[in-house]
Amino acid sequence: MASSRSTPQHRLSSSWSPSDGLAPPSLMRGGHKQRGRRPAASAAALHMGFIHLLCCAAALGVLYWCVSFRGGLAWNASNKDLIFNVHPVLMVAGFIVIYSEANLAYKMVGGTKSYKKLVHLVLQGAALVLGCIGVIAAFKFHNEKGIDNLYSLHSWLGMLTIVAFAVQWLVGFIVFWYPGGASYTRARMQPWHVFLGLFIYGLALTSAETGLLEKLTFLQSAKLISRFGTEAMFVNALGLSLVVIGPLVIWATLDHEVRVAQLIDK
Ligand code: HEM
Ligand code: HEM
């Protein structure tokens with residue numbers, strides 16, 4: 001994702017971005033301001049870089065698991081397991097990786113507010129499309145194998161996640177983009193939008209974790225893989241990577257560094 005390229009004046013505005021690699025505006029007001037790089041700002045840049053790295057690792061990791069250990073992916077196949085494999089790959093890519101990046105769009109992307117908004121809504125939209133295709137793959141797999149739908153806690157959590165996400169996107173679009181609410185409505189809605197956006201993000205992480213656990217438990221109960229085998233360890237590590245990504249993204253979204261800077265200034 002492109003990082004902010006801002007003028008010094010712009011940096012002193014409220015839209016400071018950790019990706020500037022410089023101190024937040026409030027940290028730059030002191031005598032040492034022109035030296036630029038302060039520990040808080042470098043830490044924020046490192047934080048964002050680490051999130052991108054972990055997101056790439058999670059996306060590649062789930063793909064590697066499904067291709068190398070589970071036999072690959074297919075939309076139509078006599079081996080129905082290949083249809084199922086589309087599900088975890090798209091859910092992690094859409095509902096973890098792209099969702100994480102979309103949450104951080106306002107902090108990472110340069111340009112006008114309306115450009116940042118566009119990137120945010122397009123990325124959230126892409127997450128929704130991938131998520132829907134991923135869930136359709138799970139239903140398709142169940143239907144073609146004659147397995148019941150929506151019996152597990154994972155599937156209930158998953159449905160809640162995807163429906164809540166779709167509603168959040170639609171409401172966000174109507175209020176903040178087109179036709180767009182009055183400024184009073186937007187101001188009232190924004191804290192709710194952020195809170196629900198992060199709550200649904202938590203739901204998505206929980207759905208992904210329960211999905212990984214369920215699939216591993218199926219494979220282990222059927223004695224298809226061993227408890228301490230390479231595949232089980234690999235999937236456990238994948239699950240742990242999601243647990244690390246989650247709080248890092250929430251922390252960065254909540255603008256912790258800027259708040260620290262404001263407190264230091266007081
Ligand atoms: C945000 C992420 C996820 C969401 C929203 C989600 C959603 C769903 C939904 C709605 C179903 C029900 C399909 C049906 O009943 O026919 C399902 C099934 C399933 N999912 Fe996920 N899923 C997610 C991630 C994952 C991941 C990462 C895995 C790991 C392999 C996984 C494994 C499974 C399994 C094994 C099933 C079939 C058994 C069942 O219905 O519980 N899911 N998922
Ligand atoms: C499911 C979809 C969506 C989710 C999960 C979501 C989530 C979030 C989150 C977590 C934030 C906080 C970001 C930050 O403070 O840096 C945010 C801010 C915001 N979102 Fe969304 N969003 C979604 C869709 C949309 C859509 C479609 C729009 C339409 C333009 C939109 C407009 C905004 C605006 C205007 C802000 C406030 C930015 C600011 O000034 O700080 N969102 N959203």
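I first fixed the term for the ligand shells: a residue is near a molecule if its C-beta atom, placed from the backbone, lies within 6 Å of it. By that rule I looked up ligand 1 and found 25 residues around it, with Ser 152, Ser 155, Gly 158, Gly 211 and Lys 215 the closest.

I noted that this is a predicted model, in which local features need pLDDT of at least 70 and side-chain atom pairs count only at pLDDT 80 or more, while totals for chains, interfaces and linings use all residues. Residues are numbered from 1 along each chain as its sequence is written, and chains are lettered from A and ligands numbered from 1 in the order in which they are written.

Next I asked which helices (DSSP runs of H or I, at least four residues, numbered from the N terminus) line ligand 1. H3, H5, H6 and H7 each supply at least two residues of that shell, and H7 gives the most, with seven.

I then turned to ligand 2, which has 21 residues around it, and recorded Tyr 106, Gln 124, Gly 172, Phe 176 and Gly 197 as the nearest. Helices H4 (105–108), H5 (113–145), H6 (153–177) and H7 (183–221) each supply at least two residues of its shell, and here H6 gives the most, with seven.

Last, I looked at helix H3, residues 80–103, whose 24 residues reach 34 Å from first C-alpha to last, close to the 34 Å expected (1.5 Å times one less than the number of residues). I found 21 of the 24 residues of H3 buried, that is, with 20 or more other C-beta atoms within 10 Å of their own, C-beta atoms being placed from the backbone.

Note on methods:
A residue is buried if 20 or more other C-beta atoms lie within 10 Å of its own, exposed if 12 or fewer, and partly exposed in between; C-beta atoms are placed from the backbone.
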